[in-house]
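I open a new page for this structure. My plan is to look up cysteines, then charged pairs, then one helix packing.

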Amino acid sequence: MLDVRRMQMLRAVVSSGSVTAAAARLGYTPSAISQQVAALEKEAGTELLERVGRGVRPTAAGLLLTEHADAIARQVAEAETALADLLAGRTGRLSVRYFATAGAALVAPAVARLRTEHPRVQIELKLIDPEDPLPDVREGRADLALVVGPQAAAHEGVRLLHLLDDPYLAVLPKGHPLATRRTLELAELAEEPWVGSEWPGPCLDAQLAACEAAGFRPRFVVDSEDYVTAQGFVAAGLGVTLIPRLGLGGRHPDVVVRQLRAPEPTRSIHAAVRETAPPQPALEAFVEALRVAAGG
């Protein structure tokens with residue numbers, strides 16, 4: 001096995017033309033350089049230098065190893081530059097999991113910001129069910145996941161970074177008696193038929209917890225898969241529904257949207273990262289971009 005450090009000493013001798021000059025450049029004594037070159041010759045099984053006057057020149061084998069030492073030096077320099085870029089957050093690769101309503105409002109502007117500030121960072125985006133993307137983060141398949149749930153919830157191996165609280169709004173048919181009011185108390189919807197807008201999970205739990213606090217349990221007459229479909233059912237007069245602010249990108253023309261209070265149902269959105277992950281400047285920059293998007 002050839003010693004790479006000794007190959008670099010041989011390279012210095014060949015480029016400078018003498019052992020003495022190489023020693024001065026590298027900060028060694030001439031005898032130390034000679035000993036290292038002799039050890040390399042033993043490893044190579046052949047002479048690498050021959051004397052010419054007061055200097056030395058490489059043999060064919062010495063020239064061959066010098067060329068490879070040049071290539072190694074270039075690769076090490078490239079590795080050092082790449083590592084410095086990675087540690088500074090200028091490069092890197094992030095794997096991100098997100099759920100649908102967080103995509104347009106949070107992920108899209110955050111990715112756009114990161115691409116402007118760190119154009120060489122690559123981001124892999126994957127749409128997932130918001131209920132439980134945490135195993136991907138915990139097991140290292142994803143660097144970050146957007147999740148819905150209480151900030152105090154314990155998740156072993158995962159750290160939750162609060163981004164925003166997303167309030168639910170009441171969606172009523174346009175001709176509904178309560179449509180003339182700008183703000184409603186949640187208990188005023190207790191006797192109404194409800195259109196389900198969420199699958200079982202943390203988002204629906206946020207609605208049910210608020211209704212329980214208001215003293216009732218909603219009577220669902222129809223379930224829907226998404227917020228657009230839920231608005232269609234409401235517009236047809238089948239009931240009322242709750243939709244989070246981030247989910248109201250496009251409003252049906254035959255519904256009205258009103259704020260709620262006493263209490264205001266709210267879902268908390270967090271960025272989940274691995275507790276034991278090493279520092280990643282690119283990830284920190286993306287989290288900051290998400291916070292900016294959440295604040296906007």
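Cysteines. I looked for a partner for Cys203 in this predicted model. The closest cysteine sulfur belongs to Cys211 and lies 14 Å from that of Cys203, which is too far for a bond. Cys211 is likewise in no disulfide. My search of the whole structure returned zero disulfides. I then checked burial: Cys203 is buried at 6% relative accessibility, and Cys211 is buried at 1%.

Salt bridges. I count eleven. I noted the pair Arg6 and Glu43, with N and O 2.4 Å apart. Arg6 sits in helix H1 (residues 4–16) and Glu43 in helix H3, so the bridge links distant parts of the chain, 37 residues apart. Glu43 is partly exposed, at 30%.

I also noted Arg11 with Asp70, again 2.4 Å from N to O. This pair links helix H1 to helix H4 (residues 60–87) across 59 residues. Arg11 is partly exposed at 29%, and Asp70 is partly exposed at 28%.

Arg181 bridges to Glu188 at 2.8 Å. Arg181 has 32% relative accessibility and Glu188 has 29%; I entered Arg181 as partly exposed and Glu188 as partly exposed. Elsewhere I found one network, in which shared partners join Arg97, Glu124, Asp136, Glu139 and Arg141.

Helix packing. I took H2 (residues 19–26) against H3 (residues 30–44): the axes come within 8 Å and cross at roughly 105 degrees. I therefore wrote H2 down as roughly perpendicular to H3. Val19, Thr20, Ala23 and Leu26 of H2 touch Pro30, Ile33 and Ser34 of H3. By class I logged five nonpolar, two polar and no charged residues in this contact.

Technical notes: Residues numbered from 1 in each chain as written. Predicted model: local features only at pLDDT ≥ 70, side-chain atom pairs only at ≥ 80, totals over all residues. Heavy atoms only, no water. Axes fitted to C-alpha atoms, helices over the stretch in contact; angles between N-to-C directions. Helix = DSSP H or I, 4+ residues; strand = E, 2+ residues; numbered from the N terminus. Parallel < 35°, antiparallel > 145°, perpendicular 65-115°, else oblique. Contact = heavy atoms within 4.5 Å. Nonpolar A, V, L, I, M, F, W, Y, C, P; charged D, E, K, R; others polar. Disulfide = S-S within 2.5 Å. Buried < 20%, exposed > 50% of the residue type's maximum accessible area, 1.4 Å probe, protein only. Salt bridge = Lys/Arg side-chain N within 4 Å of Asp/Glu carboxyl O.
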